Amino acid sequence: MHYWTNELWRLAYLVIGFGLLGALLGVGGWGVALGLAVHMAFTLAHLKKLYAWLNAPVHQKPPAGDGVWGDLFDRLYRYQKSQTQLQGRLRRVLTRVEESSEAMRDGIVMLDPQGHLDWWNSAAEQMLGLDARHDRGHHVANYLRDPHFISYFTTGEYQEPVLFSSPAHDGRTIEARITLFGDNERLVLVRDVTRLQRLEQTRRDFVANVSHELRTPLTVLSGYLETFLDQASSQPDTVPRRLTRAFGQMQGQTHRMQNLVDDLLTLSRLETSERQTERQPIDMASMCQWIQEDGEALSQGRHHFLVEVEEPRAILGEEREIRSALSNLVINAVRYTPDGSTITIRYATHERGAMVEVIDDGDGISATHLSRLTERFYRVDKSRSTESGGTGLGLAIVKHVLLRHDARLDIESDIGQGAVFRCIFPASRLDAPVNAPAGTGSFPR
């Protein structure tokens, strides 16, 4: 602050001094003007030095200055040095980021807010066939023209990755996941999943082939066991009880194997077929009551059922698959909830479209298991699942049916608080209200 005080005193001395000198000569006004002119010349000289320094190379030291100008030059020089050091650190960080990105096997593509190609690493260049000399600044849709990727890019829903064929290599499959950052900028992560896809296809083919080959011998075995047990029941004195009991257990295990084979074949069909394009309107009020009847047939009066229909619109899809998925949820609720529990089947509006909920007030499921419930053969309680006759594939089937209908399965539960299995259908899968007696209602049975 003292520099400014000194500068003001300098100006005052010049104006007063030259003013007094002018007054002695009878031209006081010209004296003041001459004092201001001297100060202006001093200022312009230092401005010239500042301008020349700013045009000089960055590392050149600041010019000499008097008073406030000397302090200003020193401050600018210190600021310049700090900015130079900061830029150096940023350049080193960017260099490390680029080097680490180049070392990655996965591809990285940066897009600007308009979707134009901004930067990519060498892995992305090889997988997608990009060329830095020509492609930078062009829209990504000009190079990744696969309909699956374009639909994924334009919808803006990036929770799940998308698979598409590589534009640069025939027969290769690319997985892309988009992440938003900054001002609506996008980071596209791509990787080659051809080998994983082939392994997955091999697994599917193996499961389908083995399941299909097991069907015939199990049918034959079941037929012979049924014939023997019928004969044993009609002539109990000719067949030992232990043998009858053993064959009965064999028949039970054979039926269990048949159910497992049927579920494996169903799951294999759902995994290998394309997304469900059939869009027949399904009367969900009637569907919920059918599902209730399926649950009551299995429960045989051990549970209390409620149906609540609050959404009048129909769901567009394949009725047999939707019924299979919802039946699996209700059957699980019957198998894994204690007698006397209440099972509610609810069809209602959801913020994304509509939802079907299967709610029970049973023992509940620990939160640690929820993320794995849709895995094949995953069981929370293996002993209880074995006794109930489950195959461990029901929720996997539900998941794939919903994926084929652009829907998803959400599960909410905790120990002692029951469970909610929620099937959420997007608005694109909803039709106009049906003429069935929908509306808010409850149908206890």
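Select Cys288 to begin: Cys288 is buried, with a relative accessible area of 0% (buried means under 20% relative accessible area, exposed over 50% and partly exposed in between, with a 1.4 Å probe and protein chains only). The model is a predicted one, in which local features need pLDDT of at least 70 and side-chain atom pairs count only at pLDDT 80 or more, while totals for chains, interfaces and linings use all residues. Residues are numbered from 1 along each chain as its sequence is written, and side-chain values use heavy atoms, with hydrogens and water left out.

Next, add Cys423, which is also buried, at a relative accessible area of 0%. Cys423 is in no disulfide, and its nearest cysteine sulfur, that of Cys288, is 10 Å away. The structure holds zero disulfides, a disulfide being a pair of cysteine sulfur atoms within 2.5 Å.

Now display the strands β7, β9, β10, β12 and β11, which in that order form an open sheet of five strands with mixed pairing. Helices (H or I, at least four residues) and strands (E, at least two) are DSSP runs, numbered from the N terminus; two strands pair if DSSP finds at least two bridges between them. The edge strands, each pairing on one side only, are β7 (304-309) and β11 (408-413). From one strand to the next the twist averages 15°; axes are lines fitted to C-alpha atoms, for helices over the stretch in contact, and angles run from 0 to 180 degrees between N-to-C directions.

Within this sheet, select residues 342-350 (β9) and 353-360 (β10), which pair in the antiparallel sense over eight bridges. Thr349 stands opposite Ala354 in β10.

Then bring in residues 319-336, helix α9, which lies across β7, β9, β10 and β12 (419-426) and runs at about 25° to β10. Contact here means heavy atoms within 4.5 Å.

Return to strand β7 and pick Val307. Val307 is buried, with a relative accessible area of 0%. From Val307 to Leu270 the C-alpha to C-alpha separation is 28 Å, with the two positions 37 residues apart in sequence numbering.

Finally, move to the largest cavity, which holds about 50 Å³ of space. On a 1 Å grid over the protein atoms alone, a cavity is a set of points where a 1.4 Å probe fits but cannot get out, and lining residues have an atom within 4 Å of a point. Among the residues to select in its lining are Val109, Leu111, Tyr143, Val188 and Val190. The elements giving two or more residues to this lining are β1 (107-111) and β5 (185-192).

Methods: 1 Å grid on protein atoms, 1.4 Å probe; cavity = no way out; pocket = protein on both sides within 12 Å on 5 of 7 lines; lining within 4 Å. Points joined across faces, edges and corners; volume = space filled by probe spheres on them.
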